[in-house]
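Visitor: I've got a model open and a list of labels I'd like explained. Could you walk me through where they come from?

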Amino acid sequence: MLAHDVLIIGAGLAGQRAALAAAESGATVAIMSKVHPVRSHSVAAAGGINAAIAVDDDWTEHATDTVKGSDYLGDQDAIEVMCSEAPGEAMHLEHIGVTFHRNETGELDLRAFGGASKKRTAYVADITGQAILHVLYEQLMRHEVAVERFEEWFATSLILDADGHCAGAVARDIRSGAMEIFNAKSVILANGGNGQCYKPTTNALICTGDGISQAYRVGCPIMDMEMVQYHPTTLAENGFLITEGARGEGAHLLNSEGERFMEKYAPNKMELASRDVVSRAEQTEINEGRGVGAHGQGIYLDVTVVPKKRVLEALREIVNIGRDFAGTDITREPIVIRPGQHYIMGGVKTDVDGRTPITGLYAAGEVACVSVHGGNRLGANSLLDTLIFGRRSGEHAAQRGRQLTMPKAPASRLRADAEMIAAIIERPREGRRISEIKDELGTTMNEYVAVYRDEEGLTKAHEVVQRLKEQAGKAYVDDRGSVFNQDVLGALELGYMLDCAEATIVSAIDRKESRGAQFRLDHPERDDEQWLKHINVTRGADGEPELSYSEVTITKWQPEVRKY
Amino acid sequence: MAEFTLRLRRYDPESGDAPYWEEHTVDLEPHRSVLEGILQAKDRFDGSIGIRCSCRAAICGSCGVRINGQPDLACHTHLGRAEKRSKDGVIEVEPMGNMPVIKDLIVDMEAVHWKKIRRVTPWLIAKQPVPEREYIVPRESMVDVTQSMACIQCGACVSDCLSMEVDPEFIGPAALAKAYRFVGDPRDDQHFERLKDLAEDPHGIYDCTHCFQCISACPKGVAPMNQIMRLRRRAGNDFKIEDRNNGERHEHAFASLIKQYGLLAEAEILPRSYGGDTPLAKFKPSAAAELASSLPSIAKALLRRKVTPAAVLKPHRLARQDLGQIKRIYDEVEGREERAEFNIYISGKDEDR
């Protein structure tokens, strides 16, 4: 049996940062991912990373913007930790090799981003996530003795010991099909969000909520699941991301009348209001018949107002995306975009050291909910979240391990998971295909659990998801092999997605107000009296979700009317 | 909607059977990607089709394959265009080359690609002392290395590297592009050591034969061969590294021959690279030894009539006015104060459109 002080599941920015921090603190570390680490979805983060490093900036201003961005649902102690540690983390990244763009004097250059009162976003063209992810992987290669890598291993479940403490995980080697127990004193979940519950989404195919569901299944609460971010600029046709950096560099949003409609919704910040505000404005324009493109379901993003040389240097990736996936040369003409599912603010409930309510289990990154994003995440705060809380989790878990002996991981978990997988492979070829169920889930979520919501639609979505859960339990797979059986892993992922979707829906039904990304047509006002609180979802004894509430931590920012 | 037929290379390592072709017809708009086509086949007809994929938008680098014999990302190739380029109207998709196949379209990147990446000490060896804030470096230098940072490690260039096909030990285009990311980074402290190492390795920077395959294969504009040439210029011109494989002088011999004659005189290339730029150099002992060891290749080339004795002995020299133009090119390039380096993030070929 493999045994490590710290086992990290997921190898995007949060996971790799956690691994490096834990190893540096002297722990034995294993990092596991169902894909090669550089394929992780952090690679898609484009625009940059926020840190108050400018001489005229201060982390408290960054925190103020983040609190306001969260529509006051973010926990302010956590936001203070994240924003105050941001400059140090950005400098650390610079020192280990991230090729941040410089200004004319050779210092880090900063660009404007949504919801920010100043230019605060450090960047590498529009491939910031990719650059940081690859540089962290360079460091993993450098420290390959200290950090053992398990690339293309799929975690199937978490293991609790007799005391209910996390003692490791069961995983399957995708390449061979072999199952193993990974015994560990601490487990850090860093395996991302569940954007694949939606169709379309900017998220990669791997973002199936594995960690959220695995934590939920061992009794861990998940929080703020109703808060689902729709990014204002995704390609109308297939939902691919167009970075907020485009608007940061000055691009305009136009409706069918050629009007910069953000004037009406956010006269001060215009296109750089927070994402929930801009997405809602776009959806309103579309719903009121001022959309563009096919069936009037889009909005124009006009990048031609940005100098071409600057576009080619700082926004090259979206030039490629426009050309390759929409047939549009964004340096010459506007491109049709629309709001699209992008990020989940919710996730596994943690404190500022990444600790979940289950002893020995940590979470960091999109899988986690600290909560620093509350009702709405600011652009370029997600990379920061992954790195700060990835590092803190790694350090804390390493330190915790020093005083502990290895907990016992019952071998029965391995047998149970192996049998469960064998049973899926053996299912008779009747019922629905996995892909059909996934497709119906995605379109349902995008129809009823999107920018605008109401009780009727949410209830309908809940019924669909309950039916799909039943069907998923019988859905068959074609692949009967052991080597790279992606088919059977798809069946497991579908189960994870359905757990996440259900938690999102029941929370959205419960929250009878409009805050951040949750806009209820039947409850259009924010209601601080009733709803300035987090919704926690736990799995009940009958397997059904149970709701409870927790306080929002307020330090020095009292809720105010939110205007941009 | 339009119909497209995909011919997929299938291989099941557990079956004991040889690889085989399998066709599926899918319906999608022509501007949707080959990956979407494969995923539709997987979703509708056969969930056992193996392909790595994740982002669908050419940023994660998972879905490198060969389409109609050419390496690319499946998500980065339109169905319509792929069909036009196919030989019989069927889009042929097979695993990448130069790497062992694990299953269907999935290859063992670890065994080849990542091993080579690790060969180039792929992390920053930072100049000391580390400053409290950021290193102050020229703006252009960071934009410059961004071209190498844009590499998504998809392996398309490795798949079709001709030098690697002949010499599997060749460090290869992706890893050498990665090496440039450090050599071009002013914060790195080991430029000379890195370059010396890569020049001295017989499978290093001078093992590339300028075939341009990696440039056309790369879906991200990294242009690995350009980065290899920049490593050579840095090694040879800036650090005056003369490697023991004679790569540096071999390159000089090419350049001097063209400058002198306007044409490549094959018979003189080896003597020059081992001796020097004068005809007398032919008689240097090291040249004789190298010539002798090259005799089998020369004999083969003669036998296969790739060269004929008459062609070798014929003088290789352009007409005087043409030679004058060649000389002017040399004067122009060598007369520049700074070396011009091609980089899409700086000059941008799109600028010319």
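**Labels and the values behind them**

Visitor: How do you know that 74% is about contacts between residues far along the sequence in chain A?

Guide: First off, this is a predicted model. Among contacts in chain A with a separation of 6 or more, 74% come from residues 24 or more positions apart. A contact here needs heavy atoms within 4.5 Å.

Visitor: What makes the radius of gyration of chain A agree with a compact globule?

Guide: Set the value against the rule: a compact globule of 564 residues would come out near 24 Å, and chain A has 22 Å, so the two agree. Along its principal axes, the C-alpha trace spans about 65 × 55 × 50 Å.

Visitor: What share of the residues in chain A is called buried?

Guide: The cut-off is under 20% relative accessible area, and 70% of the 564 residues in chain A are buried. As for the surface, chain A has about 17,800 Å² accessible, with 48% of that belonging to carbon and sulfur atoms.

Visitor: Which secondary structure elements does chain A have, and how many?

Guide: You'll find 16 helices and 21 strands in chain A.

Visitor: How far apart are the mean positions of the positive and negative charges of chain A?

Guide: They're 2 Å apart, taken over 61 positive and 83 negative charges.

Visitor: Which stretches of chain A go into each domain?

Guide: The domain assignment puts 2-227 + 345-402 in domain 1, 232-341 in domain 2 and 412-533 in domain 3. The centres of domain 2 and domain 3 of chain A, over C-alpha atoms, are 30 Å apart.

Visitor: How do you know that domain 2 and domain 3 of chain A are in contact?

Guide: Contact means heavy atoms within 4.5 Å. Seven residues from domain 2 of chain A and five residues from domain 3 of chain A take part.

Visitor: Over to chain B. Why is Lys259(B) called partly exposed?

Guide: Buried is under 20% and exposed is over 50%; Lys259(B) has 31% relative accessibility, so it counts as partly exposed. Lys259(B) lies in helix α11, residues 247-261 of chain B.

Visitor: Which residues is Lys259(B) in contact with, leaving aside neighbours within four places in sequence?

Guide: Leu323(B), Lys327(B), Tyr330(B) and Glu334(B). As for Glu193(B), 66 residues from Lys259(B) along the chain, 31 Å separates the two C-alpha atoms.

Visitor: And where do the domains of chain B fall?

Guide: Domain 1 covers 2-106, domain 2 covers 110-244 and domain 3 covers 262-334. Between the centres of domain 1 and domain 3 of chain B there are 45 Å, over C-alpha atoms.

Key: Residues are numbered from 1 along each chain as its sequence is written. Chains are lettered from A and ligands numbered from 1 in the order in which they are written. This is a predicted model: local features need pLDDT of at least 70, side-chain atom pairs count only at pLDDT 80 or more; totals for chains, interfaces and linings use all residues. Side-chain values use heavy atoms; hydrogens and water are left out. Helices (H or I, at least four residues) and strands (E, at least two) are DSSP runs, numbered from the N terminus. The radius of gyration is taken over C-alpha atoms; the globule rule is 2.2 Å times the number of residues to the power 0.38. Buried means under 20% relative accessible area, exposed over 50%, partly exposed in between (1.4 Å probe, protein chains only). Accessible areas come from the Shrake-Rupley method with a 1.4 Å probe; for residues, only the protein chains shown count as cover. Lys and Arg count as positive and Asp and Glu as negative; His and the chain ends are not counted. The place of a charge is taken as NZ of Lys, CZ of Arg, CG of Asp or CD of Glu. Domain bounds come from an automatic or database domain assignment.
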